[in-house]
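Subject: Structure handover

Hi,

Here is the structure I promised to pass on to you. Have a look at it first, and then read on for my notes.

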Amino acid sequence: MDVNLIFQIAAIGITVAVIYHLLVRAGREDQAMLISIMGLIVVMMMVITQIKVLFDTVKTLFDL
Amino acid sequence: MNVGIIFALGIIASLMAITVSCIRPEFSKMIGLCGSCMLAISILPSLSKILDLIKSSADKGGINESYITIVLKCAGIACVCAICADTCRDMGQSAIATKLEFASRIAIIITAIPAITALLTLIENTI
């Protein structure tokens with residue numbers, strides 16, 4: 001159980017938001033959108049590992 | 001399992017979700033999902049001791065082991081369905097959450113079919 005994962009996701013979210021605003025101000029809106037989507041995909045990869053551990057735990061616990 | 005850590009983790013995850021929600025709402029939903037997964041992962045292994053107690057009590061009580069397995073499988077399906085449906089509802093997709101609950105109900109009934117069949121056979125043989 002790792003509290004750091006939640007802080008990492010929050011840090012990625014804040015970083016993506018800052019970069020998004022910078023790119024929008026610089027006029028590169030398509031790159032801003034790509035960065036925000038990529039940040040979301042990176043966070044999704046981190047969350048999916050936790051979901052996998054959860055489902056493995058439930059499977060072994062309840063004999064499903 | 002340290003209960004204090006679990007409670008603190010819940011509060012921390014909620015606070016981080018609120019902090020990020022003003023800037024990027026989708027990341028706050030991700031934090032909520034990750035926090036709930038981690039809490040479930042830390043609570044569930046302690047459940048195995050309770051399940052062992054139930055199984056040993058059922059053995060002493062003379063209940064057939066397969067029926068207890070059916071009951072525990074149904075409990076597991078309900079547990080997973082609750083986690084997933086609440087996650088979908090948190091993300092605003094309550095239609096998907098309702099379908100998940102419906103699917104879990106059907107899965108539970110299908111899992112319990114051997115017990116229902118045994119009961120109906122018993123009634124039929126009695127009558």
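Which residues line the largest pocket? Please bear in mind throughout that this is a predicted model. The lining of the largest pocket is made by A17(B), S28(B), K29(B), G32(B), L33(B), S36(B), A40(B), I83(B), D86(B), T87(B), D90(B) and M91(B). Two elements of chain B, α2 (25-61) and α3 (65-90), each give two or more residues to that lining. The biggest share comes from α2(B), with 6 residues. As for volume, the largest pocket holds about 240 Å³ of space. Its lining is a mixture by class: 5 residues are nonpolar, 4 are polar and 3 are charged.

On to the second largest pocket, with a volume of about 170 Å³. Both chains take part here: F55(A), V58(A), K59(A) and L64(A) come from chain A, while G76(B), I77(B), V80(B), C81(B), C84(B), L100(B), A103(B) and S104(B) come from chain B. At least two lining residues each are supplied by α2 (29-62) of chain A and by α3 and α4 (94-111) of chain B. In this pocket α3(B) gives the most, with 5 residues. The class split for the second largest pocket is 9 nonpolar, 2 polar and 1 charged.

Next, a helix pair that you may like to look at. Helix α1 of chain A (residues 4-25) and helix α1 of chain B (residues 3-21) have axes that come within 10 Å and cross at roughly 0 degrees. Angles under 35 degrees count as roughly parallel, and so α1(A) is roughly parallel to α1(B). On the chain A side, I6(A), F7(A) and A10(A) make the contact, and they meet L9(B), I12(B), A13(B), M16(B) and V20(B) of α1(B). What classes of residue make up this contact? There are 8 nonpolar residues in it, with no polar and no charged ones.

Finally, the chains themselves. Chain A has 2 helices and 0 strands. Its radius of gyration is 16 Å, whereas a compact globule of 64 residues would have a value near 11 Å. The C-alpha trace of chain A spans about 55 × 20 × 10 Å along its principal axes.

Chain B has 5 helices and 0 strands, and its elements run α-α-α-α-α from the N terminus on. Chain B is more spread out than a compact globule, because its radius of gyration of 20 Å is well over the 14 Å that the globule rule gives for 127 residues. Along its principal axes, the C-alpha trace of chain B spans about 65 × 35 × 15 Å.

That is what I have for now. Happy to talk it through whenever it suits you.

Best wishes

How values were computed: Residues are numbered from 1 along each chain as its sequence is written. Chains are lettered from A and ligands numbered from 1 in the order in which they are written. This is a predicted model: local features need pLDDT of at least 70, side-chain atom pairs count only at pLDDT 80 or more; totals for chains, interfaces and linings use all residues. Side-chain values use heavy atoms; hydrogens and water are left out. Axes are lines fitted to C-alpha atoms, for helices over the stretch in contact, and angles run from 0 to 180 degrees between N-to-C directions. Helices (H or I, at least four residues) and strands (E, at least two) are DSSP runs, numbered from the N terminus. Angles under 35 degrees count as roughly parallel, over 145 as roughly antiparallel, 65 to 115 as roughly perpendicular and the rest as oblique. Contact means heavy atoms within 4.5 Å. Ala, Val, Leu, Ile, Met, Phe, Trp, Tyr, Cys and Pro count as nonpolar, Asp, Glu, Lys and Arg as charged, and the others, Gly among them, as polar. On a 1 Å grid over the protein atoms alone, a cavity is a set of points where a 1.4 Å probe fits but cannot get out, and a pocket is an open set with protein on both sides within 12 Å along at least five of seven lines; lining residues have an atom within 4 Å of a point. Grid points are joined across faces, edges and corners, and a volume is the space filled by probe spheres set on the points. The radius of gyration is taken over C-alpha atoms; the globule rule is 2.2 Å times the number of residues to the power 0.38.
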